[in-house]
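Reader: I have a model open and would like to learn how to read it. Could you take me through it feature by feature?

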Amino acid sequence: MTSIDLHCHSTASDGTLTPAELVRAGAAAGLDVMAITDHDTTGGWAAAAAARPEGLQLVRGAELSCRWHGADPAIPLHLLAYLFDPDEPVLAAELTRLREDREQRGERIVAKLRADGVPITWDEVWGYAAGGSVGRPHIAQALIRAGLVKTTDEAFASAWLGARYFVPKSDLDVFDAVRAVREAGGVAVFAHPRATKRGRVVPDELIVALADAGLFGLEADHEDHSPAERAQIRALAERLGLAVTGSSDFHGTHKTVQLGAFRTAPEMYEKIVAAASGAPVLG
């Protein structure tokens, strides 16, 4: 049975393994196929490709920060974009804008914390990002180092980064994102669409509209989905003719889930590859 994990993060965003370490860990975990899908960046692609072990197929992608404005307030959501051309002008410009916003957001969060006497610095947080896309997990690392919280989950609670020191970030309109991924020759899959433990989820009507706009698939098997939620996603995907994926959403030590904990069926993976024209699978 081919082992396929299509949602993995490195230090190019908020994972704890470098892109090179990530692909080596994927091979060591018995994966045949893995995707590098850092938040709003392709910054880890080159290093992951250079370090790819023999026998491991590498899918290059990104997890896009999106928002649906059909609710008040708007609902944030994530799209997994696979095998797109990183030089396509529209999508490349949007990724640059999102990364710059993440950096500015991080600086504002650190400033709010420091104003309350929290002993962390922007230089420290920037160092944890290691040149990658800055995210709240890097600020969580600084809070852990300072002995103020014990885990990333605790840092994300309402007393810290979840509410008291929360700063909103810029996102892509989800319909614009689907179109941009398609224009770049990529394939768009809705990440963890029924993860109610993360907050509000979008109605089925939006997923129907996104399917009409070019959404290719739904991520069903994910640690944040209950068995009932996975079944709901599969039923909706079947009704709409969408692909179904499964993946770990691996972040290294920022999460307890391990590589390959949830996987994508080979036939679904083959559909994704066949539909993409922006960048080839490596291996």
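**Reading the chain, from helix 5 outwards**

Author: Start just past the end of helix 5, where Gly147 follows with a positive phi, near 75°. Keep in mind throughout that this is a predicted model.

Reader: Is helix 5 buried or exposed?

Author: Count residues under 20% relative accessible area, since that is the cut-off for buried. Seven of the ten residues of helix 5 pass, so the helix is largely enclosed by the rest of the structure. The buried ones are Arg136, Pro137, His138, Ile139, Ala140, Ala142 and Leu143.

Reader: How should I think about the spacing of residues along a helix?

Author: An α-helix has 3.6 residues a turn, so residues three or four places apart point the same way. In helix 5, the buried set includes Arg136, Ile139 and Ala140.

Reader: What covers the buried residues of helix 5?

Author: The cover includes helix 3 (89–115), helix 4 and helix 6 (152–155).

Reader: Which residue in the loop between helix 4 and helix 5 should I look at?

Author: Look at Ala130, in the loop between helix 4 (122–129) and helix 5 (136–145). Its phi is near 55°, a positive value in a residue other than glycine. Ala130 is exposed, because its relative accessible area is 57% and the cut-off for exposed is over 50%.

Reader: Where else does a residue that is not a glycine have a positive phi?

Author: Asp40 has one, of about 60°. Asp40 sits in the loop between strand 2 (33–39) and helix 2 (45–51). At 1% relative accessibility, Asp40 counts as buried, whereas Ala130 is exposed.

Reader: Which peptide bond is cis?

Author: The test is the omega angle. The bond from Asp72 to Pro73 has omega near 0°, and is cis. Pro73 belongs to the loop that links strand 3 (57–68) to strand 4 (75–82).

Reader: Strand 4 comes next. What is Leu79 in contact with?

Author: Contact here means heavy atoms within 4.5 Å. Leu79 is found in strand 4, and its relative accessibility of 0% makes it buried. Neighbours within four places in sequence are set aside; the contacts that remain include Ala62, Glu63, Leu64 and Cys66, and also Val174, Ala177 and Val178. Ala188, Val189, Phe190, Ala191 and Leu215 are also among the contacts of Leu79. A separate check uses C-alpha atoms: Leu79 and His192 are 113 residues apart along the chain, with their C-alpha atoms separated by 8.9 Å.

Reader: Where is Val178, one of those contacts, found?

Author: Val178 is in helix 7 (residues 174–183). It is buried, with a relative accessible area of 0%. Besides Leu79, its contacts beyond four places in sequence are Leu210, Ala213, Gly214 and Leu215. Leu215 appears in the contact list of Leu79 and in that of Val178. Val178 and Ala81 lie 97 residues apart in sequence, but 8.6 Å apart in space, C-alpha to C-alpha.

Reader: Is Gly26 buried or exposed?

Author: Gly26, in helix 1 (residues 19–28), is buried at a relative accessible area of 0%. With neighbours within four places left out, Gly26 is in contact with Leu31, Met34 and Leu259. Gly26 and Leu58 are 32 residues apart along the chain, and their C-alpha atoms are separated by 9.8 Å.

Reader: What does the UniProt record place at residues 4–68?

Author: The unreviewed UniProt entry has "domain: Polymerase/histidinol phosphatase N-terminal" there. In the model, residues 4–68 are 26% helix and 37% strand, and the end C-alpha atoms are 29 Å apart.

Reader: Now the chain as a whole. How many helices and strands are there?

Author: The chain has ten helices and eight strands. For overall form, compare the radius of gyration with that of a compact globule: for 283 residues the globule would be near 19 Å, and the chain has 18 Å, which agrees. The C-alpha atoms fill a box of roughly 55 × 45 × 40 Å along the principal axes.

Reader: What fraction of the residues is buried, and what share of contacts joins residues at least 24 apart?

Author: Buried residues make up 53% of the chain. Among contacts between residues at least 6 apart in sequence, 70% join residues at least 24 apart. On the outside, the accessible surface is about 11800 Å², and 51% of that belongs to carbon and sulfur atoms.

Reader: How far apart are the mean positions of the positive and negative charges?

Author: They are 4 Å apart, taken over 28 positive and 38 negative charges.

Note on methods: Residues numbered from 1 in each chain as written. Predicted model: local features only at pLDDT ≥ 70, side-chain atom pairs only at ≥ 80, totals over all residues. Heavy atoms only, no water. Helix = DSSP H or I, 4+ residues; strand = E, 2+ residues; numbered from the N terminus. Rg over C-alpha atoms; globule rule 2.2 N^0.38 Å. Buried < 20%, exposed > 50% of the residue type's maximum accessible area, 1.4 Å probe, protein only. Areas by Shrake-Rupley, 256 points an atom, 1.4 Å probe, with all protein chains shown as cover. Lys, Arg positive; Asp, Glu negative; His and termini not counted. Charge placed at Lys NZ, Arg CZ, Asp CG, Glu CD. UniProt positions renumbered as here; feature names shortened; annotations may be inferred.
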